[in-house]
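I opened this notebook to keep track of what I looked up in one protein model, step by step. I want each entry to record where I looked and what I found there.

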Amino acid sequence: MNKYRCIVCDYIYDPAIGDPDSGIEPGTSFEDIPEDWVCPLCGVDKSSFEKI
């Protein structure tokens with residue numbers, strides 16, 4: 001699974017880790033994250049992420 005980087009703050013979303021604080025379980029691909037999810041560091045939406 002691909003990792004994604006926030007272009008605003010450089011947060012890396014790693015599917016192996018997920019985002020448990022936001023209810024995103026480990027193993028969740030970026031594409032499967034709900035559209036209303038936001039970056040846990042700076043609060044921007046999914047459109048501000050790029051595949052790395």
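The entries below go from the sheet to the charged pairs, then to the core and a few single residues.

**Entry 1: the sheet**

I began by noting that this is a predicted model, and I kept that in mind while reading each value. I then looked for the strands and found an open sheet of three of them, in the order 2-1-3 and with antiparallel pairing. The edge strands are strand 2, residues 12-13, and strand 3, residues 49-51, and each of these pairs on one side only. As a reminder to myself, strands of a sheet pair through backbone hydrogen bonds, either parallel or antiparallel.

Next I followed strand 1, which covers residues 4-6, and saw that strand 1 and strand 3 pair in the antiparallel sense over three bridges. To have one concrete position to look at, I asked which residue of strand 3 is the bridge partner of Y4. The partner is K51.

**Entry 2: the charged pairs around R5**

I wondered how many salt bridges a search of the whole structure would find. The search gives four, and I went through some of them in turn.

The side chain of R5 meets that of D10 in a salt bridge, with N and O 2.4 Å apart. R5 also meets E50 through their side chains, again in a salt bridge, here with 2.3 Å from N to O. This second pair links distant parts of the chain, since R5 sits in strand 1 and E50 in strand 3, 45 residues apart.

I then checked how open these residues are, and wrote down that R5 is partly exposed, with a relative accessible area of 22%. E50 counts as partly exposed too, at 32% relative accessibility, and D10 is likewise partly exposed, at 47%.

D10 deserved another look, and I placed it in the loop between strand 1 and strand 2. Its phi is positive, about 75°, although D10 is not a glycine.

**Entry 3: a pair within one loop**

I moved on to E35, which forms a salt bridge with K46, the closest N and O atoms being 3.4 Å apart. Both E35 and K46 lie in the loop between strand 2 and strand 3, so the pair ties together parts that are eleven residues apart in sequence. Are the two partners buried or exposed? E35 counts as exposed, at 63% relative accessibility, whereas K46 counts as buried, at 10%. Before leaving the salt bridges, I noted that those sharing partners join R5, D10 and E50 into one network.

**Entry 4: D19, W37 and the core**

I looked up D19, found in the loop between strand 2 and strand 3, and asked which side chain of opposite charge is nearest to it. That side chain belongs to K46 and is 12 Å away, and D19 has no salt bridge even though it is buried. What I did find is a polar contact of 3.0 Å between the side chains of D19 and W37. When residues up to four places away in sequence are not counted, D19 touches Y11, Y13, I24, W37 and P40.

From there I turned to the largest nonpolar core, which has ten residues in all: Y4, C6, Y11, Y13, I24, F30, I33, W37, C39 and F49. For W37 I listed the contacts as well, leaving aside neighbours within four places in sequence, and among them are Y11, Y13, I24, F30 and F49. The contacts of W37 also include D19, S22, D45 and K46.

**Entry 5: two serines**

My last entry concerns S47 and S48, and I began with S48, which lies in the loop between strand 2 and strand 3. S48 is buried, with a relative accessible area of 14%, because a value under 20% counts as buried. Apart from neighbours within four places in sequence, S48 is in contact with R5, C6, I7 and V8.

S47 is found in the loop between strand 2 and strand 3, but S47 is exposed, with a relative accessible area of 64%. The side chains of S47 and D45 are joined by a polar contact of 2.5 Å. Finally, I noted that 10 Å separates the C-alpha atoms of S47 and W37, which are ten residues apart along the chain.

Technical notes: Residues numbered from 1 in each chain as written. Predicted model: local features only at pLDDT ≥ 70, side-chain atom pairs only at ≥ 80, totals over all residues. Heavy atoms only, no water. Pairing = 2+ DSSP bridges. Helix = DSSP H or I, 4+ residues; strand = E, 2+ residues; numbered from the N terminus. Buried < 20%, exposed > 50% of the residue type's maximum accessible area, 1.4 Å probe, protein only. Lys, Arg positive; Asp, Glu negative; His and termini not counted. Polar contact = N/O pair within 3.5 Å; in protein donor to acceptor, adjacent residues only side chain to side chain. Contact = heavy atoms within 4.5 Å. Core = buried A, V, L, I, M, F, W, Y, C linked by side-chain atoms within 4.5 Å.
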